[in-house]
Amino acid sequence: MSGGSAVGAPIPGRRSTVRVVVVGDRGTGKSSLIAAAASENFPESVSPVLPPTRLPADYYPDGVPVIIIDTASSLEGKAKLEEELKRADAVVLTYACDKPETLNRLQNFWIPEVRRLKVKVPVIVVGCKLDLRDEHYPMSLEQVMAPIMQQFREIETCIECSAANLVQVPEVFYYAQKAVLHPTAPLFDQESQTLKPRCIRALKRIFILCDHDMDSALNDNELNEFQVKCFNAPLQPAEIVGVKRVVQEKVPEGVNDYGLTLTGFLFLHALFIEKGRLETTWTVLRKFGYNDDIELRKENLPVPSRKAPDQSIELTSEAVDFLMGIFSLFDSNNDGALQESEVDELFSTAPESPWDEAPYKYSLERTELGDIRLSGFLSQWALMTNLDPAKSLAYLIYLGYTNDPATALRVTRKRTLDVKKQQSDRHVFQCYVFGPKNAGKSALLSSFIGRPFQNSYALDNNNCYTVNAVDQLRGTKKTLILREIQEDDVKEFLSSKESLAACDIAVFIYDGSDEYSLKRASELLMDVARRGEDTGYGVPCFFVAGKDDLDSYPMAIRDSEAICQELKIDPPIHISVKERDMNNIFWRIVNAAERCYLSVPETEYGRNKKQYRRLVNRSLMFASVGAAAAVIALAAYRAYASRKTHSGS
């Protein structure tokens, strides 16, 4: 493999300019350096601060113009300096080779200042006025800079130059541009001298995509195709032999009888980076759709734009079939479940496992051994697609979904339209679970994924989702997402107009043995019902009496049924998570979500609003009928008058 791109050749994801800000103490040669780079001559006199200077696209091989910003070192220019640093793509820090104290200032002032401003861009340290350095005190740049680079990891490169003698002047801005276009940090760990995990995972995916015959090695034809795709130039047979020889000498397992193995492929990229040829690895990554964070570029992820807040995004049957195939492929012992090591291997071509963090970490059902069955696997994907469609689509592609990405996701119908049609086209329903503290919300969510009952649950806003498949009639399955809304968060949650738009059904759970719990749950139900009526996103609601294993207070049943009657929703469902007496609640929730036109609570406010609307509509109808009658009467009168005139003449 060899690399490089033609001047001006557009590379996907590449920026159009690189903005380099030059800072340092007064008299370190900033302006002379910039002027010499732009004119390729040493200026005899130069302004204290130069205006922005542009090095054209053809100045360097990457074909990207460089904008150089000079800065003042005085206190008066501090605000302007800070503003420029915050807009920088790279920073050049200058010191004077003939003034050692300016080098100390870099360590004690300038680099800490860049850090204070949270400027997280590559830093190039440049020793100017190399021609003026005292020859009696020779200094090795490596000796001087090694401890500084160890201390300040943001320093990408150090270089010395002389504007007066035009020594290494263009190289200063070449290194700055290169550090931006081909950054080291995402690819390589300088300390351990190894490729970073994300880089390895991306290169592994690329290797698998290029291994067309799936024999875990790139043969000569596959290597050639890869070379042409990335660099628009084939490899000569002698070059292929040379590449393999280099690999075999250093890592014998990098080549086998079939060709270059993944180990060899990764070794070559580590070698390019060590030799400073980062552009080779970056060209490969960008050709396969990666950005500077080694994630797929957003523009390559055609996520449907949601037309309305009450629409959701789901996986298509095509994507589900692909995931079922992936599950079978990685279920190496064919036991119908994925172990943790198998899940890690499954996601080994993605930047990292998406399920290691909230809200996915504890959201799905696992076996007693902690493994994931197919239904849990598909449910977790449904949750990720519902919450973050772009992430879900990206991970499908990381796993090898090679069909048109647009075929992986579908937009559901508006729920307001589902209500009119009295049926839903959704396969995934989201249920919001409300209730006062200690009513049993967390217990309900945990029981949904088969976790044993606990007497107390830790309050954790990050783990507020659980998801599972629910068997329906006629053997169909629907996916249900439960989302817990903490009592203290309800007010803020409902303050958004679209708070209920993504909700297909709401459950209000209360402790059946506690009168206050019922009262508070009914208040929450009323708040949600009112918000639904106000925004037009009313949802079916269930009242659930939890802790049915405890003795209910005397009037509990009568009071709770009266609340449901008043709001015209079904009577409360009684459950006991502790006794595992769930009264078929999850099936009922899905069934109610499908029949979204029923069980929508109606408050007195809502009834008055509806009645007022009916009156207005009736008035308008009477007014239009009256207007029509007046028009007809007028037309009749005109006809009569006309006839009378004609008969009289």
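Arg 116 is partly exposed in this predicted model, with a relative accessible area of 47%. Its salt-bridge partner is Glu 113, and the closest N and O atoms of the pair are 2.8 Å apart. Glu 113, by contrast, counts as buried, because its relative accessibility is 9% and burial means under 20%. The structure holds 31 salt bridges; several of them are described below, followed by a charged surface patch, selected residues and backbone geometry.

**Salt bridges**

- Glu 113 and Arg 116 both belong to helix 3 (residues 100–116), where a spacing of three residues means that about one helical turn separates them.
- Arg 115 forms a salt bridge with Glu 154, with an N to O distance of 2.7 Å.
- Because Arg 115 is in helix 3 while Glu 154 lies in the loop between helix 4 (141–151) and strand 6 (155–160), this pair ties together parts that are 39 residues apart in sequence.
- Arg 115 has a relative accessibility of 41% and therefore counts as partly exposed.
- A further salt bridge joins the side chains of Asp 471 and Lys 477, at 2.7 Å from N to O.
- Asp 471 and Lys 477 are both exposed.
- One network, built from salt bridges that share partners, connects Lys 437, Glu 487, Asp 488, Lys 519, Arg 520 and Glu 523.

**The annotated EF-hand segment and a negative patch**

- An unreviewed UniProt entry lists residues 318–353 as "domain: EF-hand".
- In the model, residues 318–353 are 56% helix and 6% strand, and the C-alpha atoms at the two ends are 22 Å apart.
- Glu 340, Asp 344, Asp 356 and Glu 357 form a negative patch on the surface.
- Among these patch residues, Asp 344 is located in helix 12 (residues 340–346).
- Asp 344 counts as partly exposed because its relative accessibility is 38%, a value between the limits of 20% for buried and 50% for exposed.

**Selected nonpolar residues**

- Leu 525 is part of helix 18 (residues 515–535).
- With a relative accessibility of 0%, Leu 525 counts as buried.
- The C-alpha atoms of Leu 525 and Leu 567 are 9.4 Å apart in space, although the two residues are 42 residues apart in sequence.
- Val 46 occupies the loop between helix 1 (30–39) and strand 2 (53–55).
- Val 46 counts as partly exposed, at 33% relative accessibility.
- Between Val 46 and Val 20, which are 26 residues apart along the chain, the C-alpha separation is 19 Å.

**Backbone geometry**

- Most peptide bonds are trans, and most residues other than glycine have a negative phi.
- The peptide bond from Ala 358 to Pro 359 is cis, with omega near 5°.
- Pro 359 is situated in the loop between helix 12 and strand 13 (372–373).
- Ser 216 has a positive phi, near 65°, and is a residue other than glycine.
- The loop that contains Ser 216 runs between helix 6 (197–210) and helix 7 (220–231).
- Lys 568 likewise has a positive phi, near 60°.
- Lys 568 is found in the loop between helix 19 (556–567) and strand 20 (573–574).
- Lys 568 is exposed, its relative accessible area being 55%.

Definitions and conventions: Residues are numbered from 1 along each chain as its sequence is written. This is a predicted model: local features need pLDDT of at least 70, side-chain atom pairs count only at pLDDT 80 or more; totals for chains, interfaces and linings use all residues. Side-chain values use heavy atoms; hydrogens and water are left out. Patches are made of residues with over 30% relative accessible area and no salt bridge: like charges are joined within 9 Å, nonpolar side chains (Val, Leu, Ile, Met, Phe, Trp, Tyr) within 5 Å. Accessible areas come from the Shrake-Rupley method with a 1.4 Å probe; for residues, only the protein chains shown count as cover. A salt bridge is a side-chain nitrogen of Lys or Arg within 4 Å of a carboxyl oxygen of Asp or Glu. Lys and Arg count as positive and Asp and Glu as negative; His and the chain ends are not counted. The place of a charge is taken as NZ of Lys, CZ of Arg, CG of Asp or CD of Glu. Helices (H or I, at least four residues) and strands (E, at least two) are DSSP runs, numbered from the N terminus. Buried means under 20% relative accessible area, exposed over 50%, partly exposed in between (1.4 Å probe, protein chains only). UniProt positions are given in the numbering used here, feature names are shortened, and annotations may be inferred rather than shown by experiment.
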